[in-house]
Amino acid sequence: YSGGTSRKEESHLVNGGVKQSTWSKAFNSNAVWEEKDEFLDVIYWLRQIIAIVLGVMWGVAPLKGFLGIAIFCIINAGVLYVYFSSFQQIDEEEYGGTWELTKEGFMTSFALFLVVWIIFYTALHFD
C-alpha cells in the first residue's frame, strides 16, 4: 500500500516528457486525442464559450426574434464543424459521425445563449 497518494488526472506526454494539457491540445492543429471524451469535452466547452459571446453580442446589438436564433444556430454549428473537420482534422466516424459531433452540447449552449441574450437585451434596452 502506497499510503496517501491521490489519483492524478491522466496526462499525455509529448516532446520528451512535457505534459500537454487538454486546452493546449484544443488550440494546436492536428492534436492527438487518445480519449474520445477529452475531445468531446473540448467541443462542449467551446460551444458554451460561443454561446456566451454571441448572447452578449445579440443583447447589445439589439438583435431579436427568429433571425437572432437562426444566426446563432448557423454560427454555432458552422464554427464547430470547421474546428473539428479542418483545424483538428479528426475522423468524424470515430466519434459516431459528423452529426454526433455537431450536436454535442448544442442544446445546453442554446439554453445558455438564450439566457445571456435575454439578460443583456433586457438590461440595456428596457426602461
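This tour moves through the structure in steps, naming what to select and what is found there.

**The whole chain**

Begin with the entire protein, which is a predicted model. Colour the chain by secondary structure: five helices and two strands should appear. Followed from the N terminus, the order is β-β-α-α-α-α-α. The protein has 127 residues, of which 33% count as buried. Among contacts with a separation of 6 or more, 69% are between residues 24 or more positions apart. Now switch on the surface. About 8300 Å² is exposed, and carbon and sulfur atoms supply 63% of that area.

**The nonpolar core**

Next, select Trp-33, Phe-39, Phe-72, Tyr-83 and Phe-113. These residues touch the most other members of the largest nonpolar core, a group of 24 residues. Helices α2, α3 (66–87) and α5 (106–125) each supply at least two residues of this core. Which helix gives the largest share of this core? The answer is α2, with nine residues.

Keep Trp-33 selected and display what surrounds it. Leaving aside neighbours within four places in sequence, Trp-33 is in contact with ten residues' worth of surroundings that include Phe-39, Val-42, Tyr-83, Ile-90 and Tyr-95. Lys-25 and Glu-38 are also among the contacts of Trp-33, and both return at the next stop.

**Salt bridges around Lys-25**

Side chains of opposite charge can pair when their charged atoms come close. A search of the whole structure finds three such salt bridges. Select Lys-25 and Glu-38, whose side chains meet in a salt bridge at 3.0 Å, N to O. This pair links distant parts of the chain, since Lys-25 lies in helix α1 (residues 22–26) and Glu-38 in helix α2, 13 residues apart. Is Lys-25 buried or exposed? Lys-25 has a relative accessible area of 1% and is therefore buried. Glu-38 is buried as well.

Add Glu-34 to the selection. Lys-25 forms a salt bridge with this residue too, the closest N and O atoms being 3.9 Å apart.

**The salt bridge in helix α4**

Move to Lys-103 and Glu-100, which form a salt bridge with the closest N and O atoms 3.4 Å apart. The two residues are three positions apart in helix α4 (residues 98–103), so about one helical turn separates them. Lys-103 counts as partly exposed because its relative accessibility is 40%. Glu-100, at 34% relative accessibility, likewise counts as partly exposed. By sharing partners, salt bridges join Lys-25, Glu-34 and Glu-38 into one network.

**Arg-47**

Select Arg-47, which is found in helix α2. Arg-47 is buried yet has no salt bridge. Which side chain of opposite charge is nearest to Arg-47? It is Glu-104, 7.6 Å away. A salt bridge requires the nitrogen and the carboxyl oxygen to be within 4 Å. Apart from neighbours within four places in sequence, the contacts of Arg-47 include Asn-76, Leu-80, Leu-101, Lys-103, Phe-106 and Ser-109.

**The nonpolar surface patch**

Finally, return to the surface and select Trp-23, Phe-27, Trp-45, Ile-49, Val-53 and Met-57. Together these residues make a nonpolar surface patch of about 640 Å². Helix α2 (residues 36–60) gives the most to the patch, with four residues. One residue to centre on is Ile-49, placed in helix α2. Ile-49 counts as partly exposed because its relative accessibility is 45%.

Definitions and conventions:
Residues are numbered from 1 along each chain as its sequence is written. This is a predicted model: local features need pLDDT of at least 70, side-chain atom pairs count only at pLDDT 80 or more; totals for chains, interfaces and linings use all residues. Side-chain values use heavy atoms; hydrogens and water are left out. Buried means under 20% relative accessible area, exposed over 50%, partly exposed in between (1.4 Å probe, protein chains only). Contact means heavy atoms within 4.5 Å. Accessible areas come from the Shrake-Rupley method with a 1.4 Å probe; for residues, only the protein chains shown count as cover. Patches are made of residues with over 30% relative accessible area and no salt bridge: like charges are joined within 9 Å, nonpolar side chains (Val, Leu, Ile, Met, Phe, Trp, Tyr) within 5 Å. Lys and Arg count as positive and Asp and Glu as negative; His and the chain ends are not counted. A nonpolar core is a set of buried Ala, Val, Leu, Ile, Met, Phe, Trp, Tyr and Cys residues joined through side-chain atoms within 4.5 Å.
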